[in-house]
Amino acid sequence: MTTDRVRHKRHTSEKAERFTESVIREMTRQAMLHGAINLAQGFPDFEAPEEIKRAARQAISDDVNQYAITWGAKSLRDAIARQMKAAQGLTVDPETEITVCCGSTEAMIASLLAVADAGDEIVIFEPFYENYGPDAILSGARPRFVTLRPPEALEGDWSFDDRELRSAFGPRTKAIVLNTPNNPTGKVFSRPELELIRDLCVEHDALAITDEIYEHILYDGREHLSIARIEGMRDRTVTINGMSKTYSVTGWRVGWAVAPPALSNAIRKVHDFLTVGAPAPLQEAGAAALALPQDYYRRLATGYGARRDRILPALREAGFKPFVPRGAYYVMTDIGAFGFPDDVSFAQHLVRDLGVAVVPGSSFYNNPADGARQVRFAFCKRDGTLDEAASRLRRLRPRTS
Ligand SMILES: Cc1ncc(COP(=O)(O)O)c(C=O)c1O
């Protein structure tokens, strides 16, 4: 420990000591340091749609520059309610059931802080998007992890053991955190899987907090099913979504949580004291984005499907075993063939020596050893970026010693 850290140990909270900095964001910094191609962090390197950039500029010119209503501009909440009705057939009251936050990141932590107390338990599938672990800790709850197992055949789907899920639920379970389509695995949860989760939530009087920010990025004919649509779940679900991934604007920081009024009330209070509100002009642009025609979403999914089909053969050719994603824009891969001691040393080699940044698998697991044979690639990039990464990866060789 550095002298500075020793000196400040007394001043830093026990909570903050229990998790590390984000490995994903750290890999982005390393990519910049080494001039590497960043296939680590999930942000597009291509343009956002012109219509929504115009809407943002217009909102600033029109002086929509002061605080919006803390739980979100009415125009955006109305647009979210219309979109949820159109896409999932869900009727949501924009006045009482929607809280606009600074990204779905804030929507998740605000929701957990609003529902969990010390001693509560939160069920989380792993590998998991790395924020959920610290989110649970910050809320005071204890995370209970349930393993998603990679498919035996690389074309198959990640799955979980029903008994393991069942035994993760108990009298202290406050909620399960769900993410479908899933980061990092690309899994799209099926109706029977969601129905099992429903049965357990009902049996244990628990909530589902579902992160659906990849809702529109699906492949191979998969369809998105919000757990709020499963019978019995509407009143016990917090549905989280946002603009970052659907409209390629990860830097705008606009997301939202949709929940029944009493839950929304608690989420709104937490959100107000955390951040007051999301950027007002960008919320107006969000309303314009949600009004884009259906064709926009079809083109989004087709474009990502083509990028997936570009990166998968390149990864196979370089010696990876990629697990084919059914949604979202990541590929988890098995790196066993390269003979490195672990995922971190392998990722360091890729970023420093080959100029490609990826995320070590261990950052998606509670026990780092569980991810020691995996790394994740993000493919939300231009064709030229993916091709350059592929050509660099061709120089990859297994370790001989
Ligand atoms: C599953 C998941 N949730 C949330 C986020 C962050 O979303 P936002 O930019 O809306 O905070 C990410 C970003 O990679 C993600 O993969």
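Here are five short exercises with worked solutions on this predicted model.

**Exercise 1. The ligand and its surroundings**

Find how many residues surround the ligand, which are the closest, and how the shell divides by residue class.

*Solution.* Start with the count: the ligand is surrounded by 14 residues. The closest of these are Ser104, Thr105, Asp211, Tyr214 and Ser244. Next, sort the shell by class, which gives 5 nonpolar, 6 polar and 3 charged residues. Then look at where they come from: helix α6 (residues 103-115) supplies the largest share, 3 residues.

Now turn to the polar side-chain atoms. One in Thr105 sits 2.5 Å from an oxygen atom of the ligand. In Ser244, a side-chain N or O atom is 2.6 Å from a ligand oxygen. For Tyr330, the distance from a polar side-chain atom to an oxygen atom of the ligand is 3.4 Å. To finish, consider the surface: the ligand taken alone exposes 400 Å², and the protein buries 93% of that.

**Exercise 2. A glutamine in helix α11**

Decide whether Gln283 is buried or exposed, and list what Gln283 touches beyond its sequence neighbours.

*Solution.* First, place the residue: Gln283 belongs to helix α11 (residues 280-290). Second, check its accessibility. Gln283 has 1% relative accessibility, so it counts as buried, the cut-off being under 20%. Third, collect its contacts, leaving out residues up to four places away in sequence: Ala68, Gly72, Ala73, Leu76, Val100 and Ala278. Fourth, take one of these partners and compare sequence with space. Ala68 and Gln283 are 215 residues apart in the chain, yet their C-alpha atoms are 8.4 Å apart.

**Exercise 3. A glutamine in helix α5**

Work through the same steps for Gln83: where is it, is it buried or exposed, and what does it touch?

*Solution.* Gln83 lies in helix α5 (residues 74-88). With a relative accessible area of 14%, Gln83 is buried. Setting aside residues up to four places away in sequence, Gln83 touches Gln88, Glu215, His216 and Leu290.

**Exercise 4. Backbone exceptions**

Locate two cis peptide bonds and two residues other than glycine with positive phi.

*Solution.* Begin with the background: most residues other than glycine have a negative phi, and most peptide bonds are trans.

- Glu126 and Pro127 are joined by a cis bond, with omega about 5 degrees. Pro127 is in the loop between β3 (121-126) and α7 (132-138).
- From Thr180 to Pro181 the bond is also cis, with omega near -10 degrees. Pro181 is in the loop between β5 (173-179) and α9 (191-203).
- Ser248 has a positive phi, near 55 degrees, and lies in the loop between β7 (237-242) and β8 (255-258). Its relative accessibility is 11%, so Ser248 counts as buried.
- Arg253 has a positive phi too, near 65 degrees, and its place is in the loop between β7 and β8. Arg253 is partly exposed because its relative accessible area is 29%, which falls between the 20% and 50% cut-offs.

**Exercise 5. The span of a helix**

Compare the reach of helix α12 with the expected value, then inspect the residue that follows α12.

*Solution.* Helix α12 runs over residues 294-318, which is 25 residues. From first C-alpha to last, α12 reaches 37 Å. At 1.5 Å a residue, 36 Å is expected, and the value for α12 is close to that. Just after α12 comes Gly319, with a positive phi near 110 degrees.

Terms used
Residues numbered from 1 in each chain as written. Predicted model: local features only at pLDDT ≥ 70, side-chain atom pairs only at ≥ 80, totals over all residues. Heavy atoms only, no water. Helix = DSSP H or I, 4+ residues; strand = E, 2+ residues; numbered from the N terminus. Expected span 1.5 Å × (residues − 1). Buried < 20%, exposed > 50% of the residue type's maximum accessible area, 1.4 Å probe, protein only. Contact = heavy atoms within 4.5 Å. Near = heavy atom within 4 Å. Polar contact = N/O pair within 3.5 Å; in protein donor to acceptor, adjacent residues only side chain to side chain. Areas by Shrake-Rupley, 256 points an atom, 1.4 Å probe, with all protein chains shown as cover. Nonpolar A, V, L, I, M, F, W, Y, C, P; charged D, E, K, R; others polar.
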